[in-house]
Amino acid sequence: MGRERGGSTVTPVNLPDSERGIVNSLLRLMLQSVYSSEGVPNPSVHIALRLARDHHLPTEELLLQQLKMTAVEKVKHGDEFSSGLVALYTLAIAASCNDPTDVCYKEDRIDLIEILQEKLTKEIEHITNTTFPLTNYYQVSLDVLTLCVMNKQISQGSIQALADAVLNDKFTHGSEFSVGPYSAYPGLKGEKGDTGVMGQKGEKGESSGGFFLSHLPGPPGPIGPHGRPGPVVKVFNNMELMHKSTHSVTEGSLGYINNRGDLYIRVYNGWRKLQLGDLIPAPADEPYRSTNLISASNSFSVINGQKPALHLVALNTPLSGNMRGIRGADFQCFQQARAMGSVSTYRAFLSSQLQDLYTIVRKADRQNMPIVNLKGEVLFDSWESIFKSQATFNTDVPIYSFDGRNVMKDSSWPHKIIWHGSSERGGRVTTNYCSAWRSTDMTLTGKASPLTRGKLLDQHTYNCANNFIVLCIENSYFHDHRRRK
């Protein structure tokens with residue numbers, strides 16, 4: 001049976017089993033592109049993921065947040081944001097049942113529908129005066145389509161302009177009339193010398209080609225630990241969490257289920273269980289472990305009864321200056337927090353090209369919310385206090401990784417130094433953040449701080465080939481049932 005939507009019947013496509021493998025391969029490519037793509041996020045990928053039968057919700061959620069952030073930043077800073085791209089962002093955000101008229105990032109809010117209507121009006125005015133649009137007719141078509149989907153009224157002038165374009169062959173792509181994927185996804189004019197989001201750099205007023213799934217290259221898999229030989233081992237609290245993370249784990253990686261003691265290897269179409277040998281019992285006395293490791297799976301129960309606080313936690317491995325950009329670092333914080341069982345949002349404790357460290361935490365939580373470690377022990381009285389002159393924390397209070405290790409004592413972090421790329425006041429230092437956290441070049445440097453002095457923002461510079469601690473901060477207080485008795 002079909003589903004009713006907007007008064008019409010939507011019939012699901014019954015895909016032949018012989019084609020399911022191709023579709024799954026495309027889905028994997030799109031999921032991987034979220035974590036490895038350069039530049040701004042791709043709204044077309046989000047739309048495609050939302051249309052798919054099978055979903056990987058953590059990845060879709062991450063991409064949705066990236067789209068919201070980019071849209072708000074583009075409007076706030078006056079960056080290039082063509083009408084067709086605004087339309088795609090609107091459709092992508094609406095596809096996740098979010099309201100495109102109220103897109104929020106930090107303290108800023110924008111109305112994409114209003115912006116799209118204004119841009120379409122300018123396109124039609126330009127067509128009236130010059131006979132061609134500011135962008136191209138493909139983008140104007142997408143503008144009209146999006147407003148129709150959002151149940152917004154379309155002016156007669158917009159409809160007449162498209163009709164005239166059809167009658168006068170203004171939709172011609174090369175030597176052929178095209179209503180295929182190249183017209184559905186607009187080619188954008190190149191921005192500041194880079195390739196357009198949806199295609200190669202185009203000439204003014206012409207389509208430059210669109211995003212088409214068969215053209216998507218196979219990007220590298222998600223980020224793994226740096227500088228450690230052998231296969232990656234990812235620790236999951238239970239089988240369900242491992243299963244949900246399947247698409248973000250590279251083939252050949254190992255997965256350990258700590259509530260069952262089972263070991264699995266990631267293969268082409270899922271996981272295979274490995275047979276382990278006999279148990280070698282641990283020594284009765286483990287003084288190092290008792291002072292250096294807490295159970296990540298019990299982290300919420302440990303802090304029950306505490307007042308609201310924001311948690312400062314380290315990634316499970318040190319990283320060089322190449323973190324695949326701030327998005328790559330943020331994703332590792334997101335992924336490892338989810339594996340720990342947290343539903344809060346964690347961001348990398350870093351400044352970057354478009355981000356000052358100070359602004360990461362929500363404004364309402366900056367002054368009165370203590371900063372604590374994974375056990376709930378206070379490191380700083382508030383987020384604001386971190387950025388005061390000569391601010392220090394008690395070095396007897398450990399900083400833990402997401403998997404429960406004390407980074408100040410564990411040998412996995414040989415250098416007790418954190419990357420930050422910031423001034424003491426939390427602003428970006430553009431000459432000292434390893435080329436926006438994308439470089440291991442020894443001639444480039446990044447700002448970092450030795451923890452032994454109890455400072456997070458000491459102003460030392462190190463070359464970007466070093467592997468240092470990366471911290472993640474819970475950027476707003478999230479009160480959920482797991483934090484209640």
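Two cysteines make a handy way into this predicted model. C97 sits out in the open: its relative accessibility is 73%, and since anything over 50% is called exposed, C97 counts as exposed. C148 is a halfway case, because its relative accessibility of 44% makes it partly exposed.

Other cysteines are tied up in bonds, and the structure holds two disulfides. One of them joins C333 to C472, with the sulfur atoms 2.0 Å apart. This pair bridges distant parts of the chain, with C333 in helix α12 and C472 in strand β18 (residues 471-474), 139 residues apart. The torsion about its S-S bond is about -75°, so the link between C333 and C472 is left-handed. Both ends are hidden away: C333 has a relative accessibility of 0% and therefore counts as buried, and C472, also with a value of 0%, is buried too.

The other disulfide runs between C434 and C464, with an S to S distance of 2.1 Å. Here, too, distant parts of the chain are linked: C434 belongs to helix α14 (residues 434-437), C464 lies in the loop between β17 (460-463) and β18, and 30 residues separate them. The S-S torsion for C434 and C464 is -100°, again left-handed, and both of these cysteines are buried. Counting bonded cysteines along the chain, the disulfides follow the pattern 1-4, 2-3.

Helix α12, home of C333, deserves a look of its own. It covers residues 325-340, and at 1.5 Å a residue its 16 residues should span 22 Å; the C-alpha atoms at its ends are 23 Å apart, so the expected and modelled spans agree. The helix is mostly covered, with 16 of its 16 residues buried. Just after α12 comes G341, which has a positive phi, near 100°.

Next, the nonpolar interior. In soluble globular proteins, nonpolar side chains tend to be buried together. The largest nonpolar core of this model has 45 residues, and those with the most contacts inside it are L49, F81, Y89, I110 and L112. Helix α4 (residues 83-95) is the biggest giver to this core, supplying eight residues. L112 is a good place to see the packing: leaving aside residues up to four places away in sequence, L112 touches F81, V86, Y89, T90, I93, P100, T101 and V103. Apart from this core lies another one, of 27 residues, which includes L310, W383, L457 and I469.

Helix α5 (residues 112-130) carries E125. That glutamate is partly exposed, because its relative accessible area is 45%. Although E125 and G157 are 32 residues apart along the chain, their C-alpha atoms are separated by 9.2 Å.

Finally, there is a small piece of sheet architecture to follow. Three strands form an open sheet in the order β15-β16-β17, paired in antiparallel fashion. Its edge strands are β15 (417-419) and β17, each of which pairs on one side only. Ignoring direction, neighbouring strands in this sheet are turned by 50° against each other on average. Strand β16 (residues 445-450) meets β17 in an antiparallel pairing over four bridges. Within that pairing, G446 stands opposite Y462 of β17.

Technical notes
Residues are numbered from 1 along each chain as its sequence is written. This is a predicted model: local features need pLDDT of at least 70, side-chain atom pairs count only at pLDDT 80 or more; totals for chains, interfaces and linings use all residues. Side-chain values use heavy atoms; hydrogens and water are left out. Helices (H or I, at least four residues) and strands (E, at least two) are DSSP runs, numbered from the N terminus. The expected span of a helix is 1.5 Å times one less than its number of residues. Buried means under 20% relative accessible area, exposed over 50%, partly exposed in between (1.4 Å probe, protein chains only). A disulfide is a pair of cysteine sulfur atoms within 2.5 Å. A nonpolar core is a set of buried Ala, Val, Leu, Ile, Met, Phe, Trp, Tyr and Cys residues joined through side-chain atoms within 4.5 Å. Contact means heavy atoms within 4.5 Å. Two strands pair if DSSP finds at least two bridges between them. Axes are lines fitted to C-alpha atoms, for helices over the stretch in contact, and angles run from 0 to 180 degrees between N-to-C directions.
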